[in-house]
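Q: Please take a close look at a single part of this structure and describe how it is built. A connected account is preferred, with the cut-offs behind each term.

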Amino acid sequence: MFVHALSSYSVHLHRLFILVMLLISVPHPGGAGTPEEPEIEVFVTGDAAQLEEVAGVTVYRIGAIAQLQAALSQDLPGDPQAARDIVLTRFGSLEAGLGQPLENAARGLARAIHYGIDRVPAIVFDGQAVVYGITEIDAARRIWRNWKAQTNE
């Protein structure tokens, strides 16, 4: 997370983000997995296309919020009212297909905060353990199984 002085347009974006977070319920994606097949949630900022093909894995692309903010904030004038008007116009003309990625990012960000995730990529197993730094499901699953075997002895 970064800190910066809030101008009127960034205050508007901040309020918009809070509204999106309040409107989106954050249900758990499913129940706990089985010992052999845990419930897996992956948190990434960029595109990890190979994750789309893994069954039973929920992928959150939390970078979409920052990308949206960057797109809305690009080349804004110094006048706060003019900047606000431009942001509102840009937001109103967003492609309809942007809703799902933004919802996914907002849900993912809320889940990440819930789990206390402090960096990405992160892979969460059954809401109880996290493997940081990789997006390879099989490798993370091996690490998780080794950890689980050591902690259950």
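A: Two strands are said to pair if DSSP finds at least two bridges between them. The strands themselves are DSSP runs (E, at least two residues), just as helices are runs of H or I with at least four residues, and both are numbered from the N terminus. The model is a predicted one, in which local features need pLDDT of at least 70 and side-chain atom pairs count only at pLDDT 80 or more, while totals for chains, interfaces and linings use all residues. Residues are numbered from 1 along each chain as its sequence is written, and side-chain values use heavy atoms, with hydrogens and water left out.

The part chosen is strand β3, which spans residues 122-125. In a regular strand, side chains alternate between the two faces of the sheet. In β3, Ala 122 and Val 124 point one way, whereas Ile 123 and Phe 125 point the other way. All of these residues are buried, that is, under 20% relative accessible area, with exposed meaning over 50% and partly exposed in between (1.4 Å probe, protein chains only).

β3 has antiparallel pairings with two strands. With strand β1 (residues 40-44), the pairing runs over four bridges, and Val 42 stands opposite Ile 123 of β3. With strand β4 (residues 129-132), the pairing is also antiparallel over four bridges, and here Val 124 of β3 stands opposite Val 130.

The connection between β3 and β4 completes the picture. These two strands form a hairpin with three residues between them. In its turn lies Asp 126, whose phi is positive, at about 50 degrees.
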